[in-house]
Amino acid sequence: MDLPADLNAARRQCATALEAALADGLTRLQVDLRFEGVRWPAVAHGLCGALQQQRRTVVLAFADMGAAALARRDFGLSAAEALTFADLSAGRYPDHAALCVAVTPAAPDFTAFENACTALGEHPVIALNPRLEDAAVGIGRVARARRRGFLALWRLVYGLYPLEQAALAYAHPGPWRLFREDPEGFRLAASLPNRPDGGAMEQLLGQSRPGAGLAKAADDLLQQMG
């Protein structure tokens, strides 16, 4: 896996990783693209297009009716192609759909999203940039129960994480890849079996502050997704 040079390359990589994970029998799949200022419904719609090239019918799911309605308007989708978590909980999942992409489910949506996934049973769900950990819940009993239960079901399948003059990337089935930015572009610094922590990345990259900001080239890549 190379660091993708443009939006189309990123989509192809992500779709390939998702197809591999689905072939391995995974049904709760997570995609992390840790960038700011990006229109995530547009990213999700583009990802749907890449997956549909594999002859899979994909629907989008949103936390609220407003977001679903905007997606229908912006992308010319039907009511059956852009749903809410409440729709899924009520059993309004199209019979022909093979995949569901949940767009940025967040901590306030935890219960609604969990109920939607429970209603879907073994139907595969892709969570795009989920933010389901709630800082207000903290490290208490509720947080531990969530981590042992619903949150523990999810497997990271594709991830791109911009760092300062570097980038961290993962595509199922791995390994993790750490890239360093140099004048000629991004070069592979290390391939690792597990996700490195900040100290390990600092040592591997030989820099003092990994993750302090966005590497410009990596930022430019996924700003296109907006």
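Here is an informal chat about a predicted model of a protein, going from the overall make-up to single residues.

Visitor: How many helices and strands does the protein have?
Guide: Let's start with the whole chain, a predicted model. Buried residues make up 47% of its 226 residues. As for secondary structure, the count comes to 8 helices and 9 strands.

Visitor: Among contacts between residues at least 6 apart in sequence, what share joins residues at least 24 apart?
Guide: Take the contacts in the protein between residues at least 6 apart in sequence as the pool. Those that join residues at least 24 apart make up 63%.

Visitor: Is H1 parallel, perpendicular or oblique to H2?
Guide: H1 covers residues 7-23 and H2 covers residues 40-52, and their axes come within 9 Å. They cross at roughly 60°. That angle makes H1 and H2 oblique.

Visitor: And is the crossing of H1 and H2 left-handed or right-handed?
Guide: This is about the pair whose axes cross at roughly 60°. The crossing of H1 and H2 is right-handed.

Visitor: How do the residues of the contact of H1 with H2 divide into nonpolar, polar and charged?
Guide: From H1 come Arg11, Cys14, Ala15, Leu18 and Glu19, and they meet Ala42, Gly46, Leu47, Ala50 and Leu51 in H2. Sorted by type, the residues of this contact are 7 nonpolar, 1 polar and 2 charged.

Visitor: Arg12 is in H1 too, so is it buried or exposed?
Guide: Arg12 is found in helix H1. Its C-alpha atom is separated by 8.8 Å from that of Leu51, which is 39 residues apart from it along the chain. At 53% relative accessibility, over the 50% cut-off, Arg12 counts as exposed.

Visitor: In helix H3, where do the buried residues fall when seen down the axis?
Guide: H3 runs over residues 65-75, and Ala68, Ala71 and Phe75 are buried in it. In general, an α-helix has 3.6 residues a turn, so residues three or four places apart point the same way. Seen down the axis of H3, the buried residues fall within an arc of 60°, so they line one face of the helix.

Visitor: Which residues are exposed on the other side of H3, and what covers the buried ones?
Guide: On the other side of H3, Met65 and Arg73 are exposed. The cover over the buried residues of H3 includes H2, strand E2 (58-62) and strand E3 (82-84).

Visitor: What about helix H5: within what arc do its buried residues fall?
Guide: H5 spans residues 110-120, with Phe110, Phe113, Ala116, Cys117 and Leu120 buried. They line one face of the helix, because seen down the axis of H5 they fall within an arc of 135°.

Visitor: Which residue follows H5, and what is its phi?
Guide: Just after H5 comes a residue with a positive phi, near 60°. That residue is Gly121.

Visitor: Which residues does Val103 touch, not counting those up to four places away in sequence?
Guide: Val103 lies in strand E4, and at 4% relative accessibility Val103 counts as buried. Its C-alpha atom is separated by 7.0 Å from that of Trp40, 63 residues apart along the chain. Leaving out residues up to four places away in sequence, Val103 touches Trp40, Pro41, Ala44, Leu60, Ala61, Phe62 and Leu128.

Visitor: Is Thr104 buried, exposed or partly exposed?
Guide: Thr104 lies in the loop between strand E4 (99-103) and H5. Its phi is near 45°, a positive value in a residue other than glycine. With a relative accessible area of 29%, Thr104 is partly exposed.

Visitor: And is Asn129 buried or exposed?
Guide: Asn129 has a positive phi of about 50°, although it is not a glycine. Asn129 sits in the loop between strand E5 (125-128) and helix H6 (141-148). At 2% relative accessibility, under the 20% cut-off, Asn129 counts as buried.

Visitor: Where does Pro173 lie, and what kind of peptide bond joins His172 to it?
Guide: Pro173 is in the loop between strand E7 (166-171) and strand E8 (176-182). With omega about 5°, the bond joining His172 and Pro173 is cis.

Visitor: What is omega for the peptide bond from Gly174 to Pro175?
Guide: Pro175 also lies in the loop between E7 and E8. The bond from Gly174 to Pro175 is cis, with omega near 5°.

How values were computed:
Residues numbered from 1 in each chain as written. Predicted model: local features only at pLDDT ≥ 70, side-chain atom pairs only at ≥ 80, totals over all residues. Heavy atoms only, no water. Buried < 20%, exposed > 50% of the residue type's maximum accessible area, 1.4 Å probe, protein only. Helix = DSSP H or I, 4+ residues; strand = E, 2+ residues; numbered from the N terminus. Arc of directions from axis to C-beta. Axes fitted to C-alpha atoms, helices over the stretch in contact; angles between N-to-C directions. Parallel < 35°, antiparallel > 145°, perpendicular 65-115°, else oblique. Left-handed = near helix turned anticlockwise from the far one by under 90°. Contact = heavy atoms within 4.5 Å. Nonpolar A, V, L, I, M, F, W, Y, C, P; charged D, E, K, R; others polar.
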